[in-house]
Amino acid sequence: MATREEITSGLAEILEEVAGVNPDDVAEDKSFTDDLDVDSLSMVEVVVAAEEKFGVKIPDNEVQNLKTVGDAVSFIEANH
Amino acid sequence: MTAGSRIVAMGHYQPSRVVTNSDLAEIVDTNDEWIRSRVGIAERRVADSESVADMATFAAEKALASSGLTAADIDMVVVATCSSIDRCPNVATRVAARLGVNAPAAFDLNTACSGFSYGLGTVDHAIRAGASRNAIVIGAEKLSDLTDWTDRSTAVLFGDGAGAAVVTAAAEGEQAGVGPVLWGSAPDKGDVLRIEGRQPYIQQEGQIVFRWATTELAPFALQALERAGVRPDEIAAFVPHQANTRIIDGIVKRLGLGPDVVVAKDLVESGNTSAASIPLALSKLIERREVPSGAPILLFGFGGGLTYAGQVIRCP
């Protein structure tokens, strides 16, 4: 079972690779679009990479609910 | 039964009016950098007076002129389109009339953006079955008629144009130039891309379409290669549907194509022209002699429906 911190740092790695986000900027209260400048298509790439990394299924209709890094961490924590 | 079919010539037509990203920024809230980074399109062609049948005819005339055949040799005309406003007569018979083709089997086919590969597969089957000797298959779209020019999420994506192929029966002992089609659809997700109702505009759930295209299609493209007996490292060019450079890059990565493979990115100058995108890109690639004659090219169309189809062809 990964901790919230481990999931956050895993997401930071993905965000850096997919969207060029500085890992130091990634924190649970950050909004993907407003704070980290992740566009809607990059968000899909983040979701697909997160599915593989954490062994979770993130359905299409769930993607729009993942507004902040914390939202994604909670979803992954509850479903992996 | 024959030994299969081959493409002998291609032709294409685009309207002369160029609409750049900056032109669009004057009518909707968008900008060149946003469109280029999200979609990869710099400009598109938009028809003024030309209809779908006009553009289809112009493309077919060019293909026929460089095929060595005449209208009298053609016995089948297939037009892939999802944007013809007129329902009857169909586009195919209008094209046939203007080319002077006598009594062909003539029909339109609508699988949206995968239409050209569906049409090519259909024509190949007809030739293999002996139902046709020489066919013309066309992808032609006037998406500007179906675009909401006040909606910045879709107005930046589309363009108008047509591409055509002359397909003929391969001679005895000659290698088939059109490989087995791999076709299918994901109808359970069909509603994520729509042109519906009496005042139809193109609408889509972009994230869902993007995810489907970048994660689910590569295995089907690999199956098309397998059916043709061609390995991914053997293809000279990849001509996918031209919707978004990020989708194309995603599929290329999953296919594991090397840097030597020519990957068509005609959308930069043409936008997304749905069923016309593959024959437009392929015709230009052949015109520029980017691929040697006889070299294998993978075509793969995907889009509304959600339909997909692809096959390996030999460069004419």
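Two strands are taken to pair if DSSP finds at least two bridges between them. The model examined here is predicted. By that criterion, strand 8 (residues 182-185) of chain B pairs with strand 14 of chain B: 4 bridges join them, and they run antiparallel. Within this pairing, B:Leu182 stands opposite B:Gly310 in strand 14 of chain B.

Strand 14 of chain B also pairs with strand 13 (residues 296-303) of chain B. Their pairing is antiparallel and extends over 8 bridges. B:Pro296 faces B:Arg314 of strand 14 of chain B across this pairing. The two strands form a hairpin with 3 residues between them. In this hairpin, B:Gly305 adopts a positive phi near 140°.

Strand 14 of chain B spans residues 307-314 and is mostly covered. Of its 8 residues, 8 are buried. In a regular strand, side chains alternate between the two faces of the sheet. Both faces of strand 14 of chain B are covered. One side carries B:Thr307, B:Ala309, B:Gln311 and B:Ile313, all buried. The other carries B:Tyr308, B:Gly310, B:Val312 and B:Arg314, also all buried.

These strands belong to an open sheet of 5 strands in chain B, with the order 8-14-13-11-12 and mixed pairing. Strand 8 and strand 12 (262-263) of chain B form the edges, each pairing on one side only. The parallel component includes strand 11 (residues 237-240) of chain B, which is joined to strand 13 of chain B by 4 bridges. There, B:Ala237 has B:Ile297 of strand 13 of chain B as its bridge partner. Helix 5 (residues 115-128) of chain B packs on the sheet and touches strand 8, strand 13 and strand 14 of chain B. The direction of helix 5 makes about 60° with that of strand 14 of chain B. Helix 8 (residues 218-228) of chain B packs on the sheet as well, touching strand 8, strand 13 and strand 14 of chain B. For helix 8 of chain B, the angle to the direction of strand 14 of chain B is about 35°.

Chain B contains another open sheet of 5 strands, in the order 1-7-6-4-5, again with mixed pairing. Strand 1 (5-13) and strand 5 (105-109) of chain B stand at its edges. Each has a single partner strand, so one side of each is left without a neighbour in the sheet. Neighbouring strands of this sheet are turned by 15° against each other on average, direction ignored. Strand 1 of chain B runs antiparallel to strand 7 (residues 160-169) of chain B, with 8 bridges joining them. B:Ala9 stands opposite B:Val166 in this pair. Helix 4 (residues 91-99) of chain B lies across strand 4 (76-80), strand 5 and strand 6 (134-142) of chain B. Helix 4 runs at about 130° to strand 4 of chain B.

B:Asp108 is located in strand 5 of chain B. Is this edge-strand residue B:Asp108 buried or exposed? A residue counts as buried if 20 or more other C-beta atoms lie within 10 Å of its own. B:Asp108 has 26 C-beta neighbours inside 10 Å and therefore counts as buried. Leaving aside neighbours within four places in sequence, the contacts of B:Asp108 are B:Val79, B:Thr81, B:Ser84, B:Asn90, B:Val91 and B:Ala92. B:Ser49 lies 59 residues from B:Asp108 along the chain, and their C-alpha atoms are separated by 21 Å.

Chain A has 4 helices and 0 strands. From the N terminus on, its elements run α-α-α-α. The C-alpha trace of chain A spans about 25 × 25 × 20 Å along its principal axes. A compact globule of 80 residues would have a radius of gyration near 12 Å; chain A has 11 Å, which agrees. Buried residues make up 32% of the 80 residues in chain A. Among contacts in chain A between residues at least 6 apart in sequence, 53% join residues at least 24 apart.

The two chains touch: 8 residues of chain B are in contact with 7 residues of chain A. On the chain B side, helix 7 (residues 206-216) gives the most, with 6 residues. The residues on this side of chain B divide into 2 nonpolar, 3 polar and 3 charged.

Notes:
Residues are numbered from 1 along each chain as its sequence is written. Chains are lettered from A and ligands numbered from 1 in the order in which they are written. This is a predicted model: local features need pLDDT of at least 70, side-chain atom pairs count only at pLDDT 80 or more; totals for chains, interfaces and linings use all residues. A residue is buried if 20 or more other C-beta atoms lie within 10 Å of its own, exposed if 12 or fewer, and partly exposed in between; C-beta atoms are placed from the backbone. The radius of gyration is taken over C-alpha atoms; the globule rule is 2.2 Å times the number of residues to the power 0.38. Axes are lines fitted to C-alpha atoms, for helices over the stretch in contact, and angles run from 0 to 180 degrees between N-to-C directions. Ala, Val, Leu, Ile, Met, Phe, Trp, Tyr, Cys and Pro count as nonpolar, Asp, Glu, Lys and Arg as charged, and the others, Gly among them, as polar.
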